[in-house]
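This report goes through the fold of one protein chain, from a single loop residue to the sheet and the nonpolar cores. Please keep the sequence and structure in view while reading.

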Amino acid sequence: MKWNGVEFEAVIATPGCGKSYLCDKYPERFVDVDEVRLRLKYFVPGNITRQELESTKGERPFPRRMHTAECFKAIVPILEKEREEGKILISAPHAEIFDYFQEKKIKACFVYPKADMKEEIRRRHVERGNTQKFVDENYDMFEAFFESNSKDERVVCKYEFGKDEYLEEILRKFGLDF
């Protein structure tokens with residue numbers, strides 16, 4: 001993939017841009033790192049739907065299987081295997097994922113909403129069934145997240161998406177065929 005002349009092999013993207021949708025639609029092409037992480041960290045029923053998972057963000061009702069540090073150690077071999085199979089890693093901006101990408105020298109593009117997208121992102125979170133707690137926390141922190149995202153230096157490039165833009169179309173702009 002390439003954006004503004006910069007090549008990269010993974011995507012870090014904020015909530016509400018279509019990561020889960022894309023990974024569900026093309027499971028042979030993409031790995032939803034957040035879902036892998038979630039299923040390692042908690043005992044998540046195997047038959048739970050994406051809608052049910054979305055409705056637990058901010059208030060996970062599942063028993064914890066392991067702590068974040070343990071989870072990160074457990075996820076690395078899984079991600080390595082997926083990469084060896086040619087899949088593209090897509091993750092939310094978790095600190096340990098940034099660290100993993102830097103340690104493995106995986107070039108990533110950071111995809112996040114433009115500064116004027118606060119209401120649009122809130123709408124997307126509500127429409128996909130996120131908890132009110134998740135919606136409110138992300139809404140309240142939107143400006144701080146934008147400021148942090150726009151200044152982040154741990155990626156090789158960045159893309160600010162606008163209204164009606166979702167990750168599937170954005171990756172097509174990056175030259176990816178599905």
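## A residue in a loop

In which loop is Thr131 found? Thr131 sits in the loop that runs between helix 6 (118-127) and helix 7 (132-140). The model is a predicted one.

Is Thr131 buried or exposed? Its relative accessible area is 11%, and the limit for a buried residue is under 20%, so Thr131 counts as buried. Leaving aside residues up to four places away in sequence, Thr131 touches Glu54, Ser55, Thr56, Lys57, Gly58 and Glu59. A polar atom of the Thr131 side chain also lies 3.1 Å from the backbone nitrogen of Phe134.

## The sheet

The sheet is open and has 5 strands in the order 4-5-3-6-7, with parallel pairing. Strand 4 (30-32) and strand 7 (157-161) are at the edges; each has a single partner strand, so one side of each is left without a neighbour in the sheet. From one strand to the next, the twist averages 20°.

Strand 3 (residues 10-13) pairs with strand 6 (residues 108-113) in the parallel sense, over 4 bridges. Within this pairing, Ala10 of strand 3 has Ala108 as its bridge partner in strand 6. Helix 8 (residues 142-151) packs on the sheet and touches strand 6 and strand 7; the direction of helix 8 makes about 150° with that of strand 6.

## The nonpolar cores

In soluble globular proteins, nonpolar side chains tend to be buried together. The largest nonpolar core here has 24 residues, of which Val11, Phe30, Ile90, Val111, Leu167, Leu171 and Phe174 touch the most other members. At least two residues of this core come from each of strand 3, helix 1 (19-25), strand 5 (88-91), strand 6, strand 7 and helix 9 (167-173).

What does Leu171 touch, not counting residues up to four places away in sequence? The contacts of Leu171 are Met1, Val11, Leu22, Phe30, Ile90, Leu176 and Phe178. Apart from the largest core lies another, of 22 residues, including Leu40, Ile75, Ile97 and Phe101.

## Helix 5 and its cover

Which residues of helix 5 (residues 95-103) are buried? They are Glu96, Ile97, Phe98, Tyr100 and Phe101. The elements covering these buried residues include strand 3, helix 2 (33-41), helix 4 (68-84), strand 5 and strand 6. Just after helix 5, Lys105 takes a positive phi of about 55°.

Note on methods. Residues numbered from 1 in each chain as written. Predicted model: local features only at pLDDT ≥ 70, side-chain atom pairs only at ≥ 80, totals over all residues. Heavy atoms only, no water. Pairing = 2+ DSSP bridges. Axes fitted to C-alpha atoms, helices over the stretch in contact; angles between N-to-C directions. Contact = heavy atoms within 4.5 Å. Core = buried A, V, L, I, M, F, W, Y, C linked by side-chain atoms within 4.5 Å. Buried < 20%, exposed > 50% of the residue type's maximum accessible area, 1.4 Å probe, protein only. Polar contact = N/O pair within 3.5 Å; in protein donor to acceptor, adjacent residues only side chain to side chain.
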